[in-house]
Each structure stands twice: as structure tokens, then as C-alpha cells.
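Hello,

Here is the structure I promised to pass on to you. Please have it open beside this message as you read.

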Amino acid sequence: MPKANRLINESSPYLQQHAHNPVDWYPWGEDAFLKARKEDKPVIISVGYSSCHWCHVMEEESFEDIDAARLMNESFVCIKVDREERPDIDTSYMNALQLITGQGGWPMNMFALPDGRPFYGGTYFPKSNWIRILKAVSEQYSSNRENILNAAESIDTGVDRYRLSVLEPADVKDYGIKDLKKAVSKVMPQLDRRKGGISGVPKFPMPVFNRFLLAWSYLQNDEDILNYALMTLDSMAAGGIYDQIGGGFARYSTDGDWRVPHFEKMLYDNAQLVSLFSDAYKVSGKERYKDVVIHTLEFIKREMASPEGVFYSALDADSEGREGLYYIWKEEELKLLLKEDYDLAADVFRIGKEGLWEDGYNILLMPEPERLSSSQKARLENIRRILMANRIKRTPPGLDDKSLTSWNGMMIKAYADAYKAFADPSWLKSAVTAADFILDHFIRSDGGLFHAYKDGKAYIGGFLEDYAHLADGLISLYEAGGNPEYLNKAAGLMEIAIEDFYSEDHRILYSTVEGDSLLNRDMEIIDTTWPSANGVSAHNLFRLARLTGSSLYAQMAEDITDRMSRRVLDNPLYLSHWAELMLYIKGDFFELVTAGPDAEEIHRQLTREYLPHTVLAFSTVPRESDMLFRGRCRNDRTQIFVCRDNSCGLPFEKPEEALKQIFP
């Protein structure tokens, strides 16, 4: 094995993948920039993640190549960054890359001055292009420094201008539901009415956007949007983006039909999709959605849960040097394994038809499970068991076994949401186990969070995303299980987030604490494949206000949302988590409180309903110190209180009576 470089002592699996490259990689830190200043060399900042297919390709072609490595080592100081470990570095340089090229992606390879300011960059470069660029940049840096400095200054100015535009408030305080309806109409031309999702390729699941559409359509009685939202979920569940044998979703599909996945599986996608399909089941009652939740959580437990009960980050797209090899099948192999059940499998999974991909391999699809008889469904489960038993004998894709606080928060929420929908006690137990481990092992001595955990060690100070998503998960866990300790912990995390990240002047939260002198403090406001940390924080404060009675939280949630309102009303597609909160702020929102000896049983009935415009709480014992339950617990009777802004009417004893107040 080649000699190890400086990455050998890093925790990140991605950095470990590069620890034996002939490139003299540095981890991010002052040592690399000190060397660059001392030797007057430009810096290469290469950012990727462990399950990134094109990151692997560029490593194999260029970073493992002796000639390319020699050029990099002679003329540059080279830094490798795991974007999942350091989202702050990724965001800072991605803003610059998008300014330079108009688009982003990974691997991201940026050329910077010794002070860290970028002057050129791109994503994947084939080896021949990479070597040509290395030579050209080195020559320009030596002979035409003024042009390099001008480029860095121009990019720095452009990024600052963008940052200032984000900080500029765009308030519309007097908007209403009619304004939101106009905003929703602006998105309609971008929707794929044939297969769901957003038109074009590649196709990403976009659970944040679909969650908003589900809530909007349900609360506004918009049948057209509801049908579109459910059709999107149907299409995803039928396609190759969903693992029809083992459960779980790939990151995106490379085509417009959800047929051919980019086979990597990310924890954050699967967590959000479990929550989304759980809610969609409540709305529609479709058994397929329940099956998706069950099989996806089985996949998480089998392949992405640590022995301690927290969750790993990602599974690679590749195994044995080929993308998707772990998941695809040839007809001959299936015939040999399934024997008399092959014909049913071929029909159900579209083998040799729509499922036929390349080199004789099939991606399993399942477009019409509802037409199967009960006996065929039983045979199909046996087919799945046979194929799964065979598949686990294959070389598995690589696992990124670090645990991220933010993504674990999403998974805690997923388990809690699934429990609310289906009342499987093992799911509540999984959420509790993960939450307790994080609260015991991911906490700094000052009470703040760490961002990552691996091999028994928590490391890297927490970002806003960690506080926001973990608090979100804990609030959902409180709603599911009723333990007030999780509500208190969520409020405590948001208190720290306000202290460390909130700007009174700009009414927004920064993504990072003040610290790294090489990086500007950025703000995450855009909802992409996951909701922005600011949007989640605003939701948390809004829900906590209803659960704790805090007027400070309520005002802060509205202040943060108001400053985003004009942007949302202009086009909510990538601000859909904000649009969802605006819907709750301007519409009817309720606290649904159940108290008394049978409160848990009645609460379970209520949580099986789709109630996006509520927070829910229950207690079987008196809790006079808790604002929600003060004076409302009786030992002889269980009562349901329907409240708005912590003001409640007369109690009810039957769930259907309480629900009539919410849906008159």
C-alpha cells in the first residue's frame, strides 16, 4: 500500500479514502495555509463526500495518478474536505463556484490564494483536463499574478454581494392565505404532471416541497394539488429510485421517470421520506405507503444503525468498481433463484421490459402492486426474502459510518412520525434510544452540541443545522411519546442556538458561530433536498411557543418568517418549508391537549389523524408546572382540550368531538 499522507489520522471515512493517495493532502486547518503563505503557493481545496460516485472517479483517474499528484504537490498546497463534516467550508466555496460557473456539484475543486480566497474552480475534471488546468493555473500564478488577484477580488466581491442580499430583509407583514395561493400558482408550470416531482432531469425526491404541498392541499381542500402530491409519491415508490427488495430510497434518479437511480443512499433522504410517506398514509390510507415506511425502516435498522442505536450517514453508489452492482439483476440469475416464482417476479418487477437497463442488467420496478391478489402478495414477500438473502452475499457498497447530529435529528423525527401513524412501539423505542445516546455523547462540556461522532468520539463544534434538526426531532418525540424531558431539551437547544447564531439586527440565524478567520459566516435559508436550518429553527420556535406558552418564541418565529415572506411569495419552490410555516401562521393552528388516566390511548387515536396544523401533547398524571396541563388533569376522567394560542374552550371526552373543532 502507498505511504499514508496527513489524512491518515482523520475521523472522516471520506478523508480516510484519500489517506493513501500520492497527493500530499492536508486536512482543513491553519497548517495548510501557513505552508501556502510560506512557500507562496496557491491552494487546491477539494471537497466531496464518501458516497459520491464522481468523487471516486476523479480520485481513481487523477488523485491516485503519480503524474497528476506530482504536479499538485510541486505547485500547490492541497486540502481535502468532507462536505458532510464541514458544511461551512462547503457552503463558502460552493457560493464562489456557483458565481464562477453558474452551477455547483461534487467533487468541488477550488483554486485559492494562500489567504483562502478562491480565484477559479469547477467540479469533476477528467484527468487530461485536470493536468492541463494544473499547469495553466501554476503558470498564471507565477507569471500573471495580477490577473489571479483580480479574479479573487471579483469573486470575493460577488459572494459578499450575495451574502448581503440574503441579509437584506424582504418583509410582507400583511400577507394572507390568498397571497400564498397566488405563490403556489407560480410553481404549477414547473411540475411534472405525468410522473410527479419537478420537470426535468435528474429528478430529486424533494420531500420538503412535497410535505408543503400535502399540508397545503389538505388544509385548503385543493384536490388538484393533493392528487399531484400523491401521484409523485406513487411514482417514486414504483420506480428504481426505491429499493424494491431491501427498502430505502436512492438520492435521485438520472431519468425523468424515477426509473434509473444514482444508487447512493443518504440518511437525510430516507429520514424525510419516512415522515412524508407516514403523513401521506394518514391522508390517503394507501397500504403501499405503509409498506414503504416499514421496508425503509427495516433497511435503516439493518444497514444504517450503529450498535449504540444512532445512525450512519450514507451508503455508496458503487461496489466492486461498478455503480449499482449491489442492486441490479440479470434474468438468468433471477430464473435460477426464483424457479416457479420467476414469472410472477418478471411481471411485477418488469424484468426484461421497463426494468431492463444496460449490459443485460435489470433495475427492479413495481408500478402496479395494487392489482396483486392476496396469494400473489404472499408469494411476492417470499420472492423478496429469497432475493434479499442472495443479495447480502454480494460485496456491499461502502458505508460512511460517521454519525451526524443534524441527520440523526431527522431520523429521530422519522421514527416518531412513523410511530404516530402506525403505533409500532419498536419505532418509538428506536427514536428514544437514538435521542438518549446523542444527549449523552454528542454534548460539549459547555452544553452545546458536537456535529459528528465516530469510533466513540464526538468532534467538530455543532452548526445551526445540528441544533435545529435535533430540536425538531425531540419535539416530534415529545409529541409521540409524551416525555416532557425531550420538550425541555429541545427548548434548551434552541436557547443555545439563539445565543450563538441569532442576529438581532438581521432577524436571522447564522449557520456557524464566529470562529474560522478564513471563512465568512453564511446563512442557510434555501430549502433544497432538506429544509434550511433557518426554516427548521423558525418552525421549532413556532411549535415551542404553542407547547410552552413562550411569547418570545412566538414573536421570534414570526420575525424570522416575516423577513423571508416576500421571497416566498415570489416563488416558494425552494422556500417551501417557509411557505408551510406561513400557512400555519396565517391560517388556523391548534394545540390538542389530552389529560387524564386514559390520555395515552386517546392520544394514539388522535396522532393517527393527519393534523399538520396542530401540536399534540398528552399526560396521564397531573403536571401543574407545565402550562399546557395546569388545572386540566383529573384522576377520574380523561379530557381533550382544543386550544388556539394557549386559549382553550370547554373540554371533550371523545376524539371525534375534538376533531370536529379542528375540521368543522
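Below is what turned up in it, grouped by topic.

One thing to keep in mind from the start: this is a predicted model.

**The second largest pocket**

A good place to begin is the second largest pocket, with a volume of about 400 Å³. Its lining is made up of 19 residues, and those nearest its centre are Glu287, Arg288, Asp291, Pro369 and Lys377. Two or more lining residues come from each of helix H10 (223–238), helix H12 (287–304) and helix H15 (374–391). Which of the elements gives the most to this lining? That is H12, with five residues. Sorted by class, the lining of the second largest pocket has nine charged, eight nonpolar and two polar residues.

**Salt bridges**

There are 47 salt bridges in the structure, and a few of them are worth finding on your screen.

Start with Asp359 and Arg322, whose closest N and O atoms are 3.1 Å apart in a salt bridge. Asp359 sits in the loop between helix H14 (342–348) and strand S13 (361–362), while Arg322 belongs to strand S11, so this pair ties together parts that are 37 residues apart in sequence. Asp359 is exposed, at 53% relative accessible area, whereas Arg322 is partly exposed, at 21%.

Next come Asp341 and Arg379, whose side chains meet in a salt bridge at 2.9 Å, N to O. This pair also links distant parts of the chain: Asp341 is in the loop between helix H13 (331–338) and H14, and Arg379 is in helix H15, 38 residues apart. Is Asp341 buried or exposed? With a relative accessible area of 10%, Asp341 is buried, because the cut-off for that word is under 20%. Its partner Arg379 counts as partly exposed, at 34% relative accessibility.

A third salt bridge joins Glu354 to Arg350, with 3.0 Å between the closest N and O atoms. Here Glu354 counts as partly exposed at 38% relative accessibility, and Arg350 counts as buried at 16%.

Beyond these pairs, you can look for a network of salt bridges that links Lys413, Asp417, Lys420, Asp472, Glu479 and Arg543.

**A nonpolar patch on the surface**

Tyr162, Ile526 and Tyr574 form a nonpolar patch on the surface, and together they have about 280 Å² of accessible area. Within this group, Tyr162 is placed in helix H7 (residues 145–167). Tyr162 is partly exposed, with a relative accessible area of 39%.

**Backbone details in the loops**

Some peptide bonds deserve a look too. Where are the cis bonds at Pro107 and Pro202? One cis peptide bond joins Trp106 and Pro107, with omega about 5°. You will find Pro107 in the loop between helix H5 (87–101) and strand S4 (108–112). Another cis peptide bond joins Val201 and Pro202, with omega about -10°. The loop that holds Pro202 runs between helix H8 (177–187) and helix H9 (207–219).

Two residues other than glycine have a positive phi as well. For Glu320, phi is near 50°. Glu320 lies in the loop between strand S10 (318–319) and strand S11 (322–323), and S11 is also the strand of Arg322 from the salt bridge above. At 57% relative accessibility, Glu320 counts as exposed. For Asn646, phi is about 70°, and this residue is in the loop between strand S22 (639–644) and strand S23 (647–648). Asn646 is partly exposed, with a relative accessible area of 25%.

**Lys402**

Last, please look at Lys402, in the loop between strand S14 (399–400) and strand S15 (403–404). How much relative accessible area does Lys402 have? The value is 0%, so Lys402 is buried. Between Lys402 and His506 there are 34 Å in space, C-alpha to C-alpha, and the two are 104 residues apart in sequence.

That is the tour. Enjoy exploring, and do write back with any questions.

Warm wishes

How values were computed. Residues numbered from 1 in each chain as written. Predicted model: local features only at pLDDT ≥ 70, side-chain atom pairs only at ≥ 80, totals over all residues. Heavy atoms only, no water. Patch = residues over 30% accessible without salt bridge, like charges linked within 9 Å, V, L, I, M, F, W, Y side chains within 5 Å. Areas by Shrake-Rupley, 256 points an atom, 1.4 Å probe, with all protein chains shown as cover. Salt bridge = Lys/Arg side-chain N within 4 Å of Asp/Glu carboxyl O. Helix = DSSP H or I, 4+ residues; strand = E, 2+ residues; numbered from the N terminus. Buried < 20%, exposed > 50% of the residue type's maximum accessible area, 1.4 Å probe, protein only. 1 Å grid on protein atoms, 1.4 Å probe; cavity = no way out; pocket = protein on both sides within 12 Å on 5 of 7 lines; lining within 4 Å. Points joined across faces, edges and corners; volume = space filled by probe spheres on them. Nonpolar A, V, L, I, M, F, W, Y, C, P; charged D, E, K, R; others polar.
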